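The following report is meant for someone meeting this structure for the first time. Please look over the sequence and the model before reading on.

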Amino acid sequence: MDYFFVALFVGMAFALVGGGLAISYLVAPNRPNKVKSQPYECGEHTVGPSWVHFNVGYYLFALLFLVFDVEAAFLYPWALVFREFGLIALFEVGIFIVILLFALVYAWKKGVLEWV
Amino acid sequence: MNLSGANIDFTLLLPEISLAICGFAILLLGVTKRGKDFGFGLGLFGLIAALAFTVQQWGTLETGFFGMVTKDGFSSLYNIIFLLAGIISLLIAQTYLRAKKIDKPEYYALVLFSILGMMVMASSYDLIIIFIGLEIMSIPLYVLAGFHRFNPKSNEAGIKYFIIGAFASGFLLYGIALVYGAGATTDLRLIAANYHSMAQQAPLLLYAGVALILIGFGFKVGAVPFHMWAPDVYQGAPTPVTAFFSVGPKAAGFAALMRILDFGFDSMDEIQSVLWILAVLTMAVGNILALFQDNIKRMLAYSSIAHAGYILVALTVGGEGAVASGLYYLLGYTFFNLGAFAILTILDTRDGTDSRFSELTGMASRHPFLATLLAIFMFSLAGFPPTAGFFGKLYIFSGAVEGGFIWLAIIGVMTSFVSVYYYLRVVVACFFTKADHPFQQVAMNPYLALALIITAVGALGLGLFPSSWIDLSRQAFASFL
Amino acid sequence: MNTVLPLIVLFPLVGFLINFLLAGKLSRKLVGIIGSGTVLISFLLSIKAFLDLTALPADARIISDTLYNWMAVEGFSVDVSFLLDPLSAIMILVVTGVGFLIHVYSIGYMAHDEGVGRFFAYLNLFMFSMLTLVLASNFLLMFVGWEGVGLCSYLLIGFWFERDSATEAGKKAFVVNRIGDFGFLLGMFIIFWNVGSLDFQTVTALAPSAFAIGGTVITAATLLLFLGATGKSAQIPLYVWLPDAMEGPTPVSALIHAATMVTAGVYMLARSSALFVMAPTTMMVVAVIGAATALFAATIALFQNDIKRVLAYSTVSQLGYMFMACGVAAFGAGVFHLMTHAFFKALLFLGAGSVIHGMSDEQDMRKMGGLKKYMPVTFITMLIATLAISGLPGISGFFSKDEILWQAFSSDLGHPALWFIGMITALLTTFYMFRLIFMTFFGKERMDEKTKSHLHESPKVMTIPLIVLAILSIAGGWIGIPKLFFGATNFFEHWLEPVFAPAQRILHSSEAHHAASTEWGLMAITVTLSLGAFALALRFYLKKPETVTRLRESFPGVHRLLYGKYFIDEIYDRLIIRPLHFFSIFLWKIVDVLLIDGLINGGAFLVGGVSRVMRYAQSGRLTSYVTVFTVGVALITGVMLLLGYSIGN
């Protein structure tokens, strides 16, 4: 009996979704024209294709920012338990920061920080 | 917090640390003018150092870092598999990268980081650490798949792998969260100890969680229906990367699955029926779809899916013997699959090649040794005695029969006989097909030769003297019981 | 390692390594000498091993030699170990002896071939595998040899890969054999699962306690093993590969597809006789399949025009004889026929090879005729072999064939119907063999002038093996003369007795008491009718060739059916290969590409514009991957949730 209800629910779910789509497909008038088919951009006329490429530099900056952003977030809980753990905690967070610094140095030398 | 259980012992992590140091050194040297050429050497050095440390750790059982890191026989054996895969794929990579003019130091660093992630995955009882390891492994892999930056197919491979990989990781993490919800712990040892009370209190959370975890790793090992990325990614990625892909992440996925399913959730017997279906699907779909491929890389992609299916059989059966057989198979698979890919890489270093079957014609008369080695690897993949592939399958399927999974064994044997056909096509193309144009000469060098020797010795040695290796895998499994 | 057994196996391997690694660097002569020499050494060592064995008392004739422990897993231990007992002793003598002669012959036959180094390398590798198979002391090692000989057979069938038909034939042999191997492997699993060992001696000793006589398990296990045997030994339904295997060089046909490898199935049955006799159903199946194959293949052989194809079907037929013997628990008779067949069939193939060699690679008998004048040695030796296979009283084939027919009639498991089929097969055999002889060596010379001018007897290196084999074909049967003739015990059966004693104990068979007169009578019937068949062949193919055409015209259907080999290949192609191919393409094209993409596109069609966006993003495939992924997620999670739900309640 339990399974019957499960099956019933599954069936109903499918029927509901499928039925809705089917009804809209059957009932809705479908009269596309050029204007309607255009992408909607806040009522403005579209200029050029909507698939423009953004400068990859944005992403690189964002990534670098994210890395150090998360680092900062990570340092708060670390600060909370710092007293308990003592020197070893200092050492470990040192490794953590040095690794991130490596990343910064690498990115810097690769020219990521220079805007092209 | 009680610091006495911390056991912060950095020697425990020496293999991982050596990989990390070498990886960073490669990256930092790589941005200097003169340091670009150190990538290969430093990478190899890092891997060999890590291998040495791992071998040294063999036989110990130590837990450290608040129980987050565990080094036991199991992790050691897996780490050896990862490192071997890394070394072999590195040996074959340089020639290829140079030929394709993409020899950048980042390649070696990425391989090192990826292996570091795998090692982390294999060395922990904690789901969170396993997940972190998985991400450390995966992110470099996404980049590696797209490493051939100016080749659209390689780009496509990278993007596809990344998107589906991220998708799968999401499921995995969600599964871990559900399991945590059921038992308020992510430590597999605690889960194993309190399994029954957890199953009583929150069965739905627990079962859904395990299902999602299974899916997450099912993606990594290429189990059907989470396999569809594999052919495209294998075909598109640079060949040495594909070689690494076909072994490393797969083994890592199985390492995690074995720890989770055969230790943490060992008492969850119902999972067997799900694994049974996955194993059958994976073997059948992998083998059948491999039958009529024109591209060898694509064929090997489906074949690697099928091989994951065999190991899933071992996982389905469960228990010491079966899991040890899976481990043994993985070890053998590392050798013979990498060997096959090594030869494919060597062939692909030539210009204008696309790993098609037709490109193999006439190879036997031009390069008899290479062709013979390829035949050996193919026979091993097909499971011919006396190769490692034969014993692996024998061990897995006889384990399945012993465990009462007779149908699983029959289906497995049948599908593996189907597989003979497509592996044989490679041999036929090499040896028994008239060449309409002369075979384009390939250049050998000591690194390639070394990679071939290691893989060939491994594939045959594991088959001729399987005893000690089987013992090794049994010890490895026993170490976490 | 304290016996010569490992060395027997090892020498051909050494030959293989030398010839393979130094391919192209050795002179043709040296290649042949190394190839044959290593086999000769194995043969001499085999004789020594045989003599060592005879020195032991009859019930202790077992020499075993363990090289190392191959794998030992809790409860599963297999050694790389060799076993010499009366059965394997005979096998190694036949394998190395006939093998050596064929190697020598090949020096002449392959003298003008480019790949002679490769040829001898493969041939030696074959000897290595075959000896491993025969000397193996457990099922697993036997399986290794079993796969090895299959591989070599494949390599050698496709040796002339410039011909597409050769490659195809090799592939066919390989694929068909895999079906058999599947049976072998599963049968092995079942045996191990129940007995806990794969060692022949242990299995034989423990079988009576591990299995119930006639039980399902033992019946399944032996049927699976027999499936393996039908693959290797070309029995119904897996015989189709053997006639095509004739694409290989003729010495290969002689060695692998007549004398040694194809008899591996019979050997395996004899080896596991103690298991087979515990499953009466299997025994019946073996006997029936054997008899059916014998008759079936003989009828096909009647009208083949390719000289090697006649011999190929003849081999299938004779193998059927051997299986029939095994099926009635006359394992000794089966092995005896295996041995005599090895002599005369190898001789027939080598003779055919000599003819083909002399005829500038012509294999069609319709274009031969009158060759006895040109190739006297080949003619006389082939005639001897023909007499042997036809069962002329006094020479080898007669004794072994008669023994089988008698056992089929008189044994507890036998039946007069089996005898009758065997007898008919014997007649057909006489007919088609003499047809071959008449068409090839007698009558009008039907070859063209160019071929005729090249006609010559083969060199000594080829004719001497023929002569030796001819002597063996005459005398080889004398060691197994039935008690009936001189009252002396059948030496051959007596020699094998200890090997089959466990099987006989299980059968509790009492010496069947049939009157000697019955045996004489049956023998007389066979001989007389065979003479009739000979006379018929004489009339049709020598005296009045036009009768054949007339007959063919009167019964066109029968002729077409027989000439077309019952169209079995075509039926297999339609029923199995094409559907499988279709299924694979179906899965790939329909399910993977069309259905899944179609689902997406179909869904997209419903959702209207979404489809356009999808195509614009060019991620149709990726989304379909993710869809499949998600469906998988839903199914697995759903199943697990249901399982968890049922636990919770």
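How many residues of chain B are in contact with chain C, and how many residues of chain C do they meet? The contact joins 51 residues of chain B with 48 residues of chain C, where two residues are in contact if their C-beta atoms, placed from the backbone, lie within 7 Å. This is a predicted model, in which local features need pLDDT of at least 70 and side-chain atom pairs count only at pLDDT 80 or more, whereas totals for chains, interfaces and linings use all residues. Residues are numbered from 1 along each chain as its sequence is written, and chains are lettered from A and ligands numbered from 1 in the order in which they are written.

**The side of chain B that touches chain C**

The helices of chain B that each supply at least two residues of the side touching chain C are α6 (152-183), α9 (203-221), α12 (271-290), α17 (388-402), α18 (406-431) and α20 (466-478); helices (H or I, at least four residues) and strands (E, at least two) are DSSP runs, numbered from the N terminus. The largest share of this side, ten residues, comes from α9(B). Sorted by class, the side of chain B that touches chain C holds 43 nonpolar, four polar and four charged residues, with Ala, Val, Leu, Ile, Met, Phe, Trp, Tyr, Cys and Pro counted as nonpolar, Asp, Glu, Lys and Arg as charged, and the others, Gly among them, as polar.

One of these helices, α18(B), has 26 residues and reaches 37 Å from its first C-alpha to its last, close to the 38 Å expected at 1.5 Å a residue, the expected span being 1.5 Å times one less than the number of residues. α18(B) bends by about 25° at L424(B), a bend being the angle between axes fitted to the seven residues ending at a residue and the seven starting there. Of the 26 residues of α18(B), 21 are buried, and the helix is thus described as mostly covered; a residue is buried if 20 or more other C-beta atoms, placed from the backbone, lie within 10 Å of its own, exposed if 12 or fewer, and partly exposed in between.

**Chain C and the nonpolar core**

Chain C has 28 helices and two strands, and buried residues make up 55% of its 649 residues. Among the contacts in chain C with a separation of 6 or more, 79% are between residues 24 or more positions apart.

In helix α7 (residues 200-210) of chain C, the buried residues are F200(C), V203(C), T204(C) and A207(C). Seen down the axis of α7(C), these buried residues fall within an arc of 100°, so they line one face of the helix; the arc is that of the directions from the helix axis to the C-beta atoms. Their cover includes β2 (76-84), α6 (164-195), α11 (264-271), α12 (273-276) and α22 (491-507) of chain C.

The largest nonpolar core, a set of buried Ala, Val, Leu, Ile, Met, Phe, Trp, Tyr and Cys residues joined through C-beta atoms within 7 Å, has 428 residues, and those with the most contacts inside it are V210(B), L374(B), M378(B), C430(B), M324(C) and A346(C). The largest share of this core, 19 residues, comes from helix α14 (residues 319-348) of chain B. Leaving aside neighbours within four places in sequence, the contacts of M324(C) include A287(C), G290(C), I404(C) and L418(C).

**Individual residues**

P140(B) lies in helix α5 (residues 127-145) of chain B, and G73(B) in helix α3 (residues 73-99) of chain B. Not counting residues up to four places away in sequence, P140(B) touches L110(B), F113(B) and S114(B), and G73(B) touches G59(B), Q475(B), A476(B) and S479(B).

Most residues other than glycine have a negative phi, and most peptide bonds are trans. The table gathers backbone values that depart from this pattern.

| Place | Backbone value |
|---|---|
| V224(B) to P225(B) | cis peptide bond, omega near 5° |
| P385(B) to P386(B) | cis peptide bond, omega about 0° |
| K101(B) | positive phi, near 60° |
| A234(C) | positive phi, near 55° |

K101(B) lies in the loop between α3 and α4 (105-122) of chain B and is exposed, with 9 other C-beta atoms within 10 Å. A234(C), found in the loop between α8 (216-232) and α9 (241-244) of chain C, counts as buried, with 31 C-beta neighbours inside 10 Å.
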